[in-house]
Amino acid sequence: MLTRNCLSLLLWVLFDGGLLTPLQPQPQQTLATEPRENVIHLPGRRSHFQRVKRGWVWNQFFVLEEYMGSEPQYVGKLHSDLDKGEGTVKYTLSGDGAGTVFTIDETTGDIHAIRSLDREEKPFYTLRAQAVDIETRKPLEPESEFIIKVQDINDNEPKFLDGPYIASVPEMSPVGAYVLQVKATDADDPTYGNSARVVYSILQGQPYFSIDPKTGVIRTALPNMDREVKEQYQVLIQAKDMGGQLGGLAGTTIVNITLTDVNDNPPRFPKSIFHLKVPESSPIGSAIGRIRAVDPDFGQNAEIEYSVVPGDGGNLFDIVTDENTQEGVLKLKKPLDFETKKAYTFKVEASNLHLDDRFHSAGPFKDTATVKISVLDVDEPPVFSKPLYTMEVYEDTPVGTIIGAVTAQDLDVGSSAVRYFIDWKSDGDSYFTIDATEGTIATSELLDRESTAQYNFSIIASKVSNPLLTSRVNILINVLDVNEFPPEISVPYETAVCENAKPGQIIQIVSAADRDLSPAGQQFSFKLSPEAAIKPNFTVRDFRNNTAGIETRRNGYSRRQQELYFLPVVIEDSSYPVQSSTNTMTIRVCRCDSDGTILSCNVEAIFLPVGLSTGALIAILLCIVILLAIVVLYVALRRQKKKDTLMTSKEDIRDNVIHYDDEGGGEEDTQAFDIGALRNPKVIEDNKIRRDIKPDSLCLPRQRPPVEDNADIRDFINQRLQENDVDPTAPPYDSLATYAYEGDGSVADSLSSIESLTMEADQDYTYLTDWGPHFKVLADMFGEEESYNTDKVT
């Protein structure tokens, strides 16, 4: 085999004469003459005048990959025309793999591969050859380049790089429906032979699927494959090189194919009749049973909608779908009563929500079933005839009076007697009692509407046969009003009448109030009491609108003759029985101006005219306060003019008082207060001495001569000191005596009470009468005080 390959790849280079021509890469050609061996001739030099005979030129060798022989693999031979076989030419090799992969015989030019080569690792090697004179070491030929290509053999099987594969196809798909395309890769040389030509086939998975041998496209091979019959398929795919011929290498992969669901199956009830038993005590909206239709489809294709077919049970029952289990949950819309009806029969329909148009021809995708419900009898509590009882009773009704009754019945087949009792949690005060057998309600205490107008409590009814079964009802009792309270004046009034009032004047409007619950249209009447109707000073005018006015009957009233009048007013209501009361009103005589404004009502003057608002009252009082403040300020200013103005600041008249609490060494422990503040600011400060004992003669430092204008101050202080020194009532301890300097020339004279020759009673306030009518009250008050003092003196 090796010899045949070498002969088929023999390269001939023909030379004419001894002329060497450069070896250049030429396209590979087929040898026309019989090849002797795989030889590359290196071009040599010839004389310029010799004719060159051109021959075949080769520049590449071939070596078989994966060579496993014991001897190095012969590749080819290098030869130069200058080599006469005398051993004077040396051949050298350089380039890819020279010395490691390929070796050359320096004398003969034979090239060998010294190790096995892999085309998939490196497909070719580029080398350079040269002939050198052994003696001179000079090149006999130009360096020439050639290629050694690794010839491919089928040593790699096809591989599925993306396997294993996962694919899906809808169930019931037609034949030839696309599923998936697989691809195998062969590392062999695709340009040489059939080593890399791959053919696909199915080893496992027939007859359900087929594969295209060239493209690797997998398609369905059977019609109407049903997911509900078989959902998962495992297909084994083979890829074989050499075009699938015998001796080729093969690789396999697995394709997992899943049939996806389509809605090709309608829901079906497993049985045609469902029997359910429901207690009659089941509450409205509760689940009373479940039924289920079976749909072999999956996911949304298996979603079922349930409905009650209109008929016997459409008004009492309803059905909804449980999204988790796809069951139909029956629910109660109205209460059941075993005594009224013991059984119900109706139909239920189940249908798919998501339909597939391709399968409409298969028939309706729904199914129906019959539901039979048997109502079970339950021992139930008594039932009251009304959900709420409302009763009325008059207040002060005698104890034990029956005001109403409640009724409860046992509706079960074997009816039982009923007992009644009051729920004391709701009626803790026990105002009512109930007859346990008859259910009549009576009062147990006197009722007062003004205290409690309504009572709300519960009554419980229980069965004698089963006391644990009870029912409850609310009782609402309204207490009706009885006219037991007479009407009265709504608010106390302080009524005033002017001294100059005229007959027929309304001086006060009064209204009435009744503690009873006055019915609509309640009317109050007003009149004078019979004893006051004889020669009345005032009368009552009834306005017939539940108000009345106090009217004058005289021409003027004298406060000196009578200050207060008491007017008894009789008020009656219109309820039954009629209640009346006498209300005494106090009328005070006041002095008013010409406009009817009240000026005074004796010492406790009333300044609020009848009908005056609160804002007007505040304004009047504020004006009076301002006027009084002006008067006081005026008097204070007149008195202030008598004081001396030499004191220039508040600090000039302050007293320096030292307070101590320890007993220590007595009064010599400290000095007394500083009276320098009493001096005129122009006077120089003097040394401080004690004031509560007579000072000893001291050698005082020389003082500067006093300034002029301080003689009156010195005299004043000396006089006060002498008075205090001789005063037997002066305290023996430290005390404060203030000698205020008032100066001279005050218009108001001295305001001090010291040496005052006049008393406050001697003051003359007659000038207040000249201030006008607004100060008349003040003038009267001081005039009265002056008169009082005069009387007292006399």
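**Exercise 1. Strand E35 and its partner**

Which residue stands opposite Phe526 in E38? Using this predicted model, establish also how the two strands run and which face of E35 is covered.

*Solution.*
Step 1. Strand E35 spans residues 525-528, and strand E38 spans residues 564-572. The two are joined by four bridges and run antiparallel.
Step 2. Within this pairing, the residue of E38 opposite Phe526 is Ile571.
Step 3. In a regular strand, side chains alternate between the two faces of the sheet. In E35, Phe526 and Leu528 belong to the covered face, whereas Ser525 and Lys527 belong to the uncovered one.

**Exercise 2. The surroundings of Thr547**

Determine where Thr547 lies, which residues it touches beyond its sequence neighbours, and describe the backbone of Asn546.

*Solution.*
Step 1. Thr547 belongs to strand E37, residues 547-552.
Step 2. Leaving aside residues up to four places away in sequence, Thr547 touches Ile509, Val510, Ser511, Phe526 and Asp542. Phe526 is also part of the covered face of E35.
Step 3. The side chains of Thr547 and Asn545 make a polar contact of 2.4 Å.
Step 4. Asn546 is in the loop between strand E36 (538-542) and E37. Its phi is positive, near 70°, although Asn546 is a residue other than glycine. Most residues other than glycine have a negative phi.
Step 5. The relative accessible area of Asn546 is 21%, so Asn546 is partly exposed; the cut-off for buried is under 20%.

**Exercise 3. The two sides of helix H3**

Decide whether the buried residues of H3 line one face, and compare the span of the helix with the expected value.

*Solution.*
Step 1. H3 covers residues 711-725, 15 residues in total. From first to last C-alpha it reaches 21 Å, close to the 21 Å expected at 1.5 Å a residue.
Step 2. Ile713, Ile717 and Arg720 are the buried residues to consider. An α-helix has 3.6 residues a turn, so residues three or four places apart point the same way.
Step 3. Viewed down the axis of H3, the buried residues fall within an arc of 65°, and therefore they line one face of the helix.
Step 4. Gln722 and Asp725, on the other side of H3, are exposed.

**Exercise 4. Cis peptide bonds and a positive phi**

Locate the cis bonds that precede Pro164 and Pro207, and characterise Gln326.

*Solution.*
Step 1. Most peptide bonds are trans. The bond from Gly163 to Pro164 is cis, with omega near -5°; Pro164 lies in the loop between strand E8 (144-151) and E9.
Step 2. Gln206 and Pro207 are likewise joined by a cis bond, with omega about 5°. Pro207 is in the loop between strand E11 (199-204) and strand E12 (209-211).
Step 3. Gln326 is not a glycine, yet its phi is positive, about 55°. Gln326 lies in the loop between strands E19 (317-322) and E20 (327-332), and its relative accessible area of 18% makes it buried.

**Exercise 5. Two strand residues**

Are Ile166 and Arg588 buried or exposed?

*Solution.*
Step 1. Ile166 is in strand E9, residues 165-170. With a relative accessible area of 73%, Ile166 is exposed, the cut-off being over 50%.
Step 2. Arg588 is in strand E39, residues 580-592. At 18% relative accessibility, Arg588 counts as buried.
Step 3. The side chain of Arg588 is joined to that of Glu563 by a polar contact of 3.3 Å.

Terms used
Residues are numbered from 1 along each chain as its sequence is written. This is a predicted model: local features need pLDDT of at least 70, side-chain atom pairs count only at pLDDT 80 or more; totals for chains, interfaces and linings use all residues. Side-chain values use heavy atoms; hydrogens and water are left out. Buried means under 20% relative accessible area, exposed over 50%, partly exposed in between (1.4 Å probe, protein chains only). Two strands pair if DSSP finds at least two bridges between them. The expected span of a helix is 1.5 Å times one less than its number of residues. The arc is that of the directions from the helix axis to the C-beta atoms. A polar contact is a pair of N or O atoms within 3.5 Å; within protein, one must be able to donate a hydrogen and the other to accept it, and residues adjacent in sequence count only if both atoms are side-chain atoms. Contact means heavy atoms within 4.5 Å.
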